[in-house]
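Open the model in your viewer and keep the sequence panel in sight. The tour goes from the whole chain to a few selections.

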Amino acid sequence: MRPPVKRVDYKVGDKVEVCSTEEGFRGSYYEATIIFCLESGKYVVRYKNLLEDDESGPLKETLFPKDLRPSPPRVRSPRKFQLRQKVDVFYNDGWWLGKIVSDKVLTQKGYYYKVYVDNMREAIYYSCKRIRVHHELIHGDWILEA
C-alpha cells in the first residue's frame, strides 16, 4: 500500500514549478511564484520566464494545486555529470527531463554535455549552466536521482 501523498498548501511568495500539459510542451516545468491564494483552492502564479501574449509583463495564470509542485532543491551541479545520469535542462523557458549521453566537451563558450530529451526525441548539446541535477518528487519529498 502506497503512503498518502502529502498535500502542499502554498502561500503567497512561494516559489513553484508549473507542469505544462500543452501539446509539444507536456512534461516540462516552468518557474513561477504564488501571488494569490484563492478561496476556491486555486492559486494565481506569476511566471519567471513566460510573458503575456502582448509581452507587457510576466504571464499570470490561475491553476489547480495538481498543476504545481514546490521548486526542487537547489544543489550545486557536480563538476562532472555521469553518462546516462538523469538531469533537467533549461530549454525554451522551461525545465525538461533528459539523460546525459556524452562526456563533457570544452568549447570557446564553456563546457557542454549532449543530453537526450525524451519529449523532444533528440539529443542536443547544453551548456553546464543550463543543466541541473534531477530530483523526483515522491510522496511530497524530493529524492535525488542519480
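The stops below start with the overall view and then move to single residues and one hairpin.

**The whole chain**

Show the protein chain as a cartoon, and keep in mind that this is a predicted model. What does the secondary structure come to? There are zero helices and 13 strands, so that part of the view is quickly described. Following the sequence from start to end, you pass one β element after another. Along the principal axes, the C-alpha atoms fill a box of roughly 50 × 50 × 30 Å.

Now switch on the surface. The protein chain exposes about 9,900 Å², and carbon and sulfur atoms supply 51% of that area. Of its 146 residues, 34% count as buried. If you colour by charge, there are 26 positive and 21 negative charges to find, and their mean positions lie 8 Å apart. For contacts between residues at least 6 apart in sequence, 41% join residues at least 24 apart.

**First stop: T33**

Select residues 29-37, which form strand β2, and pick out T33 within this strand. Is T33 buried or exposed? Its relative accessibility is 15%, and because the cut-off for buried is under 20%, T33 counts as buried. Next show the side chain of K15: a polar contact of 3.2 Å joins it to the side chain of T33. To see the surroundings, add G13, D14, V44, V45 and R46, which are among the residues in contact with T33 once neighbours within four places in sequence are left aside.

**Second stop: R69**

Move to strand β5, residues 68-70, where R69 has its place. R69 has a relative accessibility of 11%, so this residue counts as buried. Which side chain does R69 meet in a polar contact of 2.7 Å? Select E17 to see this partner. Beyond neighbours within four places in sequence, the contacts of R69 also include Y10, V16, Y29, R132, L137 and W142. Keep L137 and W142 selected for the last stop.

**Last stop: the hairpin of β12 and β13**

Select residues 135-138 for strand β12 and residues 141-144 for strand β13. These two strands pair in the antiparallel sense over four bridges. L137 stands opposite W142 of β13, and both residues are in contact with R69 from the previous stop. Two residues lie between the strands of this hairpin. End on H139, which takes a positive phi near 50° here.

Methods
Residues numbered from 1 in each chain as written. Predicted model: local features only at pLDDT ≥ 70, side-chain atom pairs only at ≥ 80, totals over all residues. Heavy atoms only, no water. Buried < 20%, exposed > 50% of the residue type's maximum accessible area, 1.4 Å probe, protein only. Polar contact = N/O pair within 3.5 Å; in protein donor to acceptor, adjacent residues only side chain to side chain. Contact = heavy atoms within 4.5 Å. Areas by Shrake-Rupley, 256 points an atom, 1.4 Å probe, with all protein chains shown as cover. Lys, Arg positive; Asp, Glu negative; His and termini not counted. Charge placed at Lys NZ, Arg CZ, Asp CG, Glu CD. Pairing = 2+ DSSP bridges.
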